[in-house]
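Biologist: Please take one part of this model and look at it closely. I would like the central sheet and its surroundings described in one connected account.

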Amino acid sequence: MRLGFIGTGIITTAVVTGFCESGMEDLHIVVSPRNRERAAALHEKYPQVVSVAADNQEVIDRSDWVFVALLHETAEQILEPLVFLPEKKFINLVATLSLRRIREMKGEREILADVVPLTFAANRVGPVVVYPPIPEVVELMSHVGTPVPVQTAQQIAILRSTTGLMSAYYMLLTVIIGWCEKNGLDEATARQYITSFTKAMSEKAAGFDGPLEELAREMTPGGINWMALTHLEKADAYTPWTEILDPILKKVVKE
Ligand SMILES: NC(=O)c1ccc[n+]([C@@H]2O[C@H](COP(=O)([O-])OP(=O)(O)OC[C@H]3O[C@@H](n4cnc5c(N)ncnc54)[C@H](OP(=O)(O)O)[C@@H]3O)[C@@H](O)[C@H]2O)c1
C-alpha cells in the first residue's frame, strides 16, 4: 500500500500517525516537504514507513493513493501544475474543494472521494465520513477510525458542519472544570471526572433505542437535572449551537 500526502499539517500528522500505528502490512507513506518540521518528525518517528518527498509531484509519483490536505485558500493553486494520472486514487480533505472541481481540473478517475477524518485518527478512533461510499476507500479509512459512508454531497456537508462544534465543546468542558476548581476541587480530579462522565453519556446515547430527547427529559421533577435544563432552556442556551451551523453549512456545501 503506497499512500501519499500533499500538505503535511495537523490533519495529515494525525492520519499518518493512525496508519503507522494500525499495523497494516507493506505500508509505505510519502509526505510533502511542507510543513518541514512536521514531515521530519513523522519520518523520525516512523523511519521504516514514512519518507519525505522533494516536492508535491514526487508525492504523487511515488503513491497509489494521494491524500490532499491543503488549506482551502491555496489548494487549487497548489494542485494546478501537478500531474495526476487517471490511475491515481485521489482522496480529498479540503472542506471547500468539490469533487466536481477536482474532476474538472484533473480528469475522471475510478477512485475520487471526499473524507472527513478528525485528529482522533492518530489514536484510530472516532468517525471518518466517506463520500461517495466507495468500498475500497471505506476499507482504507477503517484503519484510522470508524467509517461513516454517506450517499450525497449534502450529507457529508451536514456532518462536516457539526465537526465545527469541536472547539466549542472542549470550551464547555473547560468552563465546567474551571467552575469545579473555583469551588475548591483540583483540576486533575475534575478533568478525570468530567471526561469520564461525558464519555459515559455519549456511550449511553449511542446505544439508546428511542429518541434522545427521552434521555434528556428522564429526570426527577424539581431535581438538579431539572434545574439545569429548565434554566438553560429559559435562557435559550441551545439555539446558538444550531444557529451557527447554518452559516457553517453554507461554507462547506460544495456541489
Ligand atoms: N484539522 C482538522 O481536524 C481537519 C479535519 C478534516 C479536514 N481538514 C482539512 O484539511 C486541510 C488541512 O487542514 P490542517 O488543519 O491540517 O491545516 P494545516 O495544519 O495548516 O496544514 C496545511 C499544510 O499545508 C502545507 N502547505 C502550504 N503550502 C504548501 C504547498 N505549496 N505544498 C504542500 N503543502 C503546503 C502547510 O505547510 P506550512 O506550514 O509550511 O505552510 C501545512 O503543513 C484543510 O483544508 C482542512 O479544512 C482538517
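Modeller: The model is predicted. A good place to start is phenylalanine 67, which touches Leu3, Gly4, Phe5, Thr12, Val15, Ile91 and Leu93, leaving aside residues up to four places away in sequence. Phe67 also belongs to the largest nonpolar core, a set of 46 residues, where Val31, Phe67, Val68 and Val115 have the most contacts inside the core. In soluble globular proteins, nonpolar side chains tend to be buried together.

Now the sheet. Eight strands make up an open sheet with mixed pairing, and their order is E3-E2-E1-E4-E5-E6-E7-E8. Strand E3 (50–52) and strand E8 (146–149) are the edge strands; each has a single partner strand, so one side of each lacks a neighbour in the sheet. From one strand to the next the twist averages 25 degrees.

Within this order, strand E5 (residues 89–92) pairs with strand E6 (residues 112–116) in the parallel sense, over three bridges. Phenylalanine 90 has leucine 112 as its bridge partner in E6. Helix H7 (residues 153–162) packs on the sheet and touches E6, strand E7 (127–131) and E8; the direction of H7 makes about 155 degrees with that of E7.

E6 itself deserves a closer look. Five of its five residues are buried, so E6 is largely enclosed by the rest of the structure. In a regular strand the side chains alternate between the two faces of the sheet. For E6, Leu112, Asp114 and Val116 are on one side and Ala113 and Val115 on the other; all are buried, and both faces of the strand are covered. Val115 is also one of the residues with the most contacts inside the largest nonpolar core.

The ligand has its own surroundings. It is surrounded by 25 residues, and the closest are Gly7, Gly9, Ile11, Arg34 and Asn35. Helix H1 (residues 10–21) supplies the largest share of this shell, three residues. By type, the shell divides into 13 nonpolar, 10 polar and two charged residues.

For the setting, the secondary structure of the chain comes to 13 helices and eight strands. The chain has 255 residues, of which 26% count as buried. Of the contacts between residues at least 6 apart in sequence, 52% join residues at least 24 apart. The C-alpha trace spans about 65 × 40 × 30 Å along its principal axes.

Key:
Residues are numbered from 1 along each chain as its sequence is written. This is a predicted model: local features need pLDDT of at least 70, side-chain atom pairs count only at pLDDT 80 or more; totals for chains, interfaces and linings use all residues. A residue is near a molecule or strand if its C-beta atom, placed from the backbone, lies within 6 Å of it. Helices (H or I, at least four residues) and strands (E, at least two) are DSSP runs, numbered from the N terminus. Ala, Val, Leu, Ile, Met, Phe, Trp, Tyr, Cys and Pro count as nonpolar, Asp, Glu, Lys and Arg as charged, and the others, Gly among them, as polar. A nonpolar core is a set of buried Ala, Val, Leu, Ile, Met, Phe, Trp, Tyr and Cys residues joined through C-beta atoms within 7 Å. A residue is buried if 20 or more other C-beta atoms lie within 10 Å of its own, exposed if 12 or fewer, and partly exposed in between; C-beta atoms are placed from the backbone. Two residues are in contact if their C-beta atoms, placed from the backbone, lie within 7 Å. Two strands pair if DSSP finds at least two bridges between them. Axes are lines fitted to C-alpha atoms, for helices over the stretch in contact, and angles run from 0 to 180 degrees between N-to-C directions.
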